[in-house]
Amino acid sequence: MNQNLSDKRFDGIKPFDHKIWLASPTMHGDEQKWVDEAIRTNWVSTVGANINEVERQVADYIGCNYAIGLSCGTAALHLAIRLAGEKLYGIPKVSHGSLEGHKVFASDMTFDATVNPITYEGGEPVFIDTERDTWNMDPIALEKAFEIYPDVKLIVVAHLYGTPGKIDEIREIADKHGALIIEDAAESMGATYKGQQTGTFGDYAVVSFNGNKIITGSSGGMLLCSDKADADKIRKWSTQSREAAPWYQHEELGYNYRMSNIIAGVVRGQIPYLDEHIAQKKAIYERYKDGLKDLPVSMNPFDAENSEPNCWLSCMMIDEDAMAPFVRGELDELWKSEAGKSSPGEILAALSAFNAEGRPIWKPMHMQPIYRSHGFVTANGNGRGQSNAYIAGSMTDVGADIFRRGLCLPSDNKMTVAEQNVTIDIIHRCFE
Ligand SMILES: *Cc1c(COP(=O)(O)O)cnc(C)c1O
């Protein structure tokens, strides 16, 4: 449904003359220099100074031993999950995935790239519900999941929207059950938990340089690890698993997942601006928090005592009693205006009508048609159940509730204060 611009509530607001993005790339100039240098010196393939530099700089920044440049975050997750699978269950037959026949616990409310690589490897993701304090994997639900599935040995956990999850508690539970952790820090690069960078808590971790992330290479990603043998294996797998022989000799399955030296040039130009981007995103978050404080809404929460989010995306959630009528089908939605109330559908439509880009919260994986037959564990120990029919007042399916009442706000670090103030004004008028 489209928002009607002649709606009296919006009188006096003009559409933005350019798109206000959710999160778009911000170039600074040095990217061009490093890309040009790669081309001038003819190091345009998957070897070169840019790759060496960005691997060193990211490892230094995050504080891990090895950072391996790959074509994207999803490829990094795939190799991390494959490596974990081989460590846990041995080297599979060549036509089989390393997780064949095994369940893996995964964040539920996240981008599907977090969990799809489990499936690439023949594993079966079982989704762990979300907690309300940071909108990440709920340690209580995770503990319940181990009661239901005691044999699980791998956990894939994301830090959503740049907010660190309860990674200490998750680590403790993992250790108790002898499970490995893969940490998806694709959205949280530069965020810290108890003073330590996200990406250093997992046995393996991943960052992404996708176009809308906190820094970008236009594409690209990295796998982070502490062990040299693991790092060597990942480099080898990512370049088609060639053995040291005069010809193409293969003993292991290979992938074409290595980062190009041109992409690495863009990343190299961006790394010096990571802290600046984070500061801009934090300012955006704080301005929304202040500007929306008189409305019946809350911002995406974080643990202020123990964590420093990178504030990649600012999000808000509407109080239950301020939700106007709003229903979502599988591919469409309907909403209705009501005085003093609003809905994510209405607010996203209004933003769009004025040329600003918001986005629904990541639709939880247990609600996705492709994963609907998979296990889903909530904090009260339920398996499947409430997901397809959320009942107001029954707060067991946290992910479904945040998806229903929440939305991502325009969080582009090039948005001006004036533009953000108009955005905040539009949201206010949705509640008139
Ligand atoms: C972006 C993202 C990825 C994937 O990274 P790509 O570089 O786009 O492949 C994985 N997980 C999460 C949570 C992401 O947001």
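This dialogue goes through several features of a predicted model.

Visitor: Start with strand β4. Is β4 enclosed or open to the outside, and what shows that?

Guide: In a regular strand the side chains alternate between the two faces of the sheet. Strand β4 covers residues 154–158, and 5 of its 5 residues are buried, so the rest of the structure largely encloses it. Leu154, Val156 and Ala158 point one way, while Ile155 and Val157 point the other way, and all are buried.

Visitor: Which strands pair with β4, and in what sense?

Guide: Strand β2 (residues 103–107) runs parallel to β4 and is joined to it by 2 bridges. Phe105 stands opposite Ile155 of β4. Strand β5 (residues 180–184) also runs parallel to β4, with 5 bridges. There, Val156 has Ile182 of β5 as its bridge partner. Between β4 and β5 the chain passes through helix α6 (residues 167–176), and this β-α-β crossover is right-handed.

Visitor: Take Ser107. Where does Ser107 lie, and is it buried or exposed?

Guide: Ser107 lies in strand β2. Its relative accessible area is 3%, and the cut-off for buried is under 20%, so Ser107 counts as buried.

Visitor: What does Ser107 touch, leaving aside residues up to four places away in sequence?

Guide: Its contacts include Val156, Val157 and Ala158, and also Val115, Ile128, Met137 and Met365. Phe127 is another contact. Ser107 and Phe127 are 20 residues apart in sequence, but their C-alpha atoms are 5.9 Å apart in space.

Visitor: Now a helix pair. How do α3 and α7 pack?

Guide: An α-helix has 3.6 residues a turn, so residues three or four places apart point the same way. Here helix α3 (residues 73–89) packs on helix α7 (residues 228–238) at an angle of about 120 degrees, and the axes are 11 Å apart. That angle makes α3 oblique to α7. The crossing is right-handed. From α3, Leu79, Arg82, Leu83, Glu86 and Lys87 meet Asp230, Lys233, Ile234, Trp237 and Ser238 of α7.

Visitor: How is the sheet that contains β17 ordered?

Guide: The sheet is open and has 4 strands in the order β10-β12-β17-β15, with antiparallel pairing. At the edges stand β10 (297–299) and β15, each with a single partner strand, so each has one side without a neighbour in the sheet. β12 and β17 pair in the antiparallel sense over 3 bridges. Met316 has Leu407 in β17 as its bridge partner. Helix α10 packs on the sheet, touching β12, β15 and β17, and its direction makes about 25 degrees with that of β17. Helix α11 packs on the sheet too, touching β12, β15 and β17, at about 65 degrees to the direction of β17.

Visitor: How many residues of α11 are buried, and against what do they pack?

Guide: α11 (residues 398–405) is mostly covered, with 8 of its 8 residues buried. Among them are Val398, Ile402, Phe403, Arg404 and Arg405. The buried residues pack against β12 (315–318), β13 (326–328), α10 (344–353), β15 (359–360) and β17 (406–408).

Visitor: What is the order of the open sheet of 3 strands?

Guide: The order is β7-β6-β11, with antiparallel pairing. β7 (196–197) and β11 (307–308) stand at the edges with a single partner strand each, so one side of each lacks a neighbour in the sheet. Strand β6 (residues 192–193) pairs with β11 over 2 bridges in the antiparallel sense, and Thr192 has Glu308 in β11 as its bridge partner.

How values were computed: Residues numbered from 1 in each chain as written. Predicted model: local features only at pLDDT ≥ 70, side-chain atom pairs only at ≥ 80, totals over all residues. Heavy atoms only, no water. Buried < 20%, exposed > 50% of the residue type's maximum accessible area, 1.4 Å probe, protein only. Contact = heavy atoms within 4.5 Å. Pairing = 2+ DSSP bridges. Right-handed = clockwise from strand over helix to strand, strands pointing away. Axes fitted to C-alpha atoms, helices over the stretch in contact; angles between N-to-C directions. Parallel < 35°, antiparallel > 145°, perpendicular 65-115°, else oblique. Left-handed = near helix turned anticlockwise from the far one by under 90°.
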